[in-house]
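Hi,

Here is the structure I promised to pass on to you. Have a look at it first, and then read on for what turned up when I went through it.

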Amino acid sequence: MAIEIVSSDDIRFENMVHGQNGRFPATVHDRASRIALCDNSDDVAEALERFVHQGLRPTVRSGGHCYEDFVDNNPGGAIIDVSMISGTEPPANGPKYRLGAGATLGRAYADLYKRALVTIPGGTCGPVGAGGHITGGGYGLLSRLHGVTPDWVSAVDVVTIDNAGKAHVIHADKHNNSDLLRACRGAGGGSFGIVTNFYFDTLPKAPTETLRGNISFDWDGMTEERFARLLYLFGNYWETRGQDPDTWGLFSIFNLSHRSSGHLSMSVTFVNPDGTVNDTRVVEEYLAVFDECKPVAEISRHPVMAEHHPESPAPSSPVCLAKHTLNKSSWIEANAPAGGGYGGGGNRRPANAPPPSRRHKYKSSYMRRGFTREEAAVFYKHLNRTIPGVDLAGCTVLSDSFGGAVNKKQLLEETSVAQRNSVLKCQFIASWAEPSQDEGHAQWIRDFFTELYGKSTAGARYNGTPFWSNEYEGCYINYPDADMVQHDYWPQLYYGTAGLHPFLQSVKKKYDPNNIFHHAMSIRA
């Protein structure tokens, strides 16, 4: 199929003009006027050149999960849809592996597994598109073992447009256009051009099996002291024992959900470096950290008790009620493309489905150590907060274990992922259904975030943000938060203070001299 343009008089338009976040487009006046459906890089180049010559702002969509309005709020503009550039067959006489930018993570896992028993250390939301996921530093359950996905990218195809308005398909690798390659390995989408293909010389072997478990903690009876203890146990493990390489196959997500949801939950995924779960001592040790919580249901394996950290005396009574389960599955079963997961902004919609009804707002932070008692108090306060007339049951903070292979310092110069010294990564989420509740949810998440990072050790100028310090490593560009642009230092929040942002500005000036690709948080030359 050649390039196809879907305009407002097309029956498909109403379903295609929306992404996965019901907040965007904000109004009918904010919608794009047309959508270009592209099959390959040449189609993208044709569409881009045509729209620029027509004076239309181009935005780009692969999976449609952008957390802010960078794609769907495009009044009268044009969306270039690359979702059908989804092939995974490798090029002849080229790199061993390829992912089209429109390939969903679910398809990527299945195809790479079938083709070569390899995988990418990507996210858990199957419908997310590779284009946005990888360019923004995508990570997932295998990242402590294998790093983030852009760590493995060896080349990209990018459609750019020059000063004269001519579109070019550029192949960037370590020998040619290496600066553009590095920028596309973690700096986020929508700044330099349109990535259509990712190439990999090598990829990690897919696990043959994994262990997955879950622990739940009832909010009923959860005092502030008990809550603080839970946060301590979780964060302290990753700050201390979780630094050791034999734990890198362990990934845990603490879902710190609002009290109105009824419970807190913690997921655990584990695989040994050899791809099996024959040796379960690490995961049993981790689960044993929470044995003092007096689980009401036994797991399928018997954990070994771990010693308490000397700085944290054992409580004299149980701190919570919990239950946990542990199950074995194959890697391909665990990552089947159906359904969604955390961090994706929504699940797949059928082609004839109405626009998404759920509305979302996100924030993020990287942590270089576990939670303090002061932080736990702020968490407890806002997870128990009520706002009259506002249903906060869809509000949560996902605290992910991090570090391990991600923190290999040599990758700082090869990629545009600056955060290489963290042990936890937090995603703040507000999710709701009714537009009338927009203000209440925005208030909840902003108040929470601002108070949590209210007194910065980096200096008073940075109060209210997790600016880089001995405690934090800023924010994650794949969880963009347009609130941050109120701070003149917002680029450093996302790209660090060691010179990455000036490098990205030079790439922007070279490959997008007319700033064709722009949004509220894009790189500015």
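Of the 525 residues in the protein chain, 60% are buried. Keep in mind as you read that this is a predicted model. The chain has 13 helices and 15 strands. If you take the contacts with a separation of 6 or more, 72% of them are between residues 24 or more positions apart.

One helix to look at is α8, which covers residues 281-288. Is it mostly covered or mostly open? Mostly covered: six of its eight residues are buried. Those buried residues are Val 282, Val 283, Glu 284, Tyr 286, Leu 287 and Ala 288, so a charged residue, Glu 284, is on the list too.

Next, the empty spaces. As a reminder, rolling a probe the size of a water molecule over the atoms shows where empty space is left. Searching the whole structure gives three cavities of 30 Å³ or more. The second largest cavity has a volume of about 60 Å³, and 13 residues line it. Nearest its centre are Gly 186, Ser 416, Val 417, Gln 419 and Ile 477. What kinds of residue line the second largest cavity? Eight are nonpolar, five are polar and none is charged.

There are pockets as well, and I spent some time on the second largest one. The volume of that pocket is about 420 Å³. Its lining is made up of 22 residues, and Asp 151, Val 153, Ser 154, Arg 185 and Glu 414 are the ones that lie nearest the centre. Sorted by class, the lining of this pocket has eight charged residues, seven polar and seven nonpolar. Which elements help to build it? Strand β7 (167-173) and helix α6 (178-183) each supply at least two residues of the lining. The largest share, three residues, comes from α6.

Now for some single residues. Thr 88 is in the loop between β4 (78-81) and β5 (97-100). Despite being in a loop, Thr 88 has a relative accessibility of 1%, so it counts as buried, the cut-off being under 20%. What does its side chain reach? There is a polar contact of 2.8 Å with the side chain of Asp 111, and another, at 3.1 Å, with the side chain of Arg 115. Leaving aside neighbours within four places in sequence, Thr 88 is in contact with Arg 98, Leu 99, Arg 107, Asp 111 and Arg 115.

The loop between β4 and β5 also holds Asn 93. Is Asn 93 buried or exposed? Exposed, because its relative accessible area is 86% and the cut-off is over 50%. Asn 93 has a positive phi of about 55°, although it is not a glycine. Asn 515 has a positive phi of about 55° as well, and it is not a glycine either. You will find Asn 515 in the segment after α13 (500-511), where it is partly exposed, with a relative accessible area of 26%.

Another loop residue, Ser 261, sits between β10 (250-257) and β11 (263-270). Ser 261 is partly exposed at 29% relative accessibility. Its side chain makes a polar contact of 2.8 Å with the side chain of Ser 257 and reaches the backbone oxygen of His 258 at 2.7 Å. Not counting residues up to four places away in sequence, Ser 261 touches Trp 219 and Ala 393. How far from Ser 261 is Asp 218? The two are 43 residues apart in sequence, and their C-alpha atoms are 9.6 Å apart in space.

Two last things on the backbone and the cysteines. The peptide bond from Phe 24 to Pro 25 is cis, with omega near -5°, and Pro 25 lies in the loop between α1 (13-16) and β2 (34-37). How many disulfides does the structure hold? Zero. For reference, a disulfide is a covalent bond between the sulfur atoms of two cysteines. Among the cysteines, Cys 395 is buried with a relative accessible area of 0%, and Cys 475 is buried too, at 1% relative accessibility.

Best wishes

Methods. Residues numbered from 1 in each chain as written. Predicted model: local features only at pLDDT ≥ 70, side-chain atom pairs only at ≥ 80, totals over all residues. Heavy atoms only, no water. 1 Å grid on protein atoms, 1.4 Å probe; cavity = no way out; pocket = protein on both sides within 12 Å on 5 of 7 lines; lining within 4 Å. Points joined across faces, edges and corners; volume = space filled by probe spheres on them. Helix = DSSP H or I, 4+ residues; strand = E, 2+ residues; numbered from the N terminus. Disulfide = S-S within 2.5 Å. Buried < 20%, exposed > 50% of the residue type's maximum accessible area, 1.4 Å probe, protein only. Contact = heavy atoms within 4.5 Å. Polar contact = N/O pair within 3.5 Å; in protein donor to acceptor, adjacent residues only side chain to side chain.
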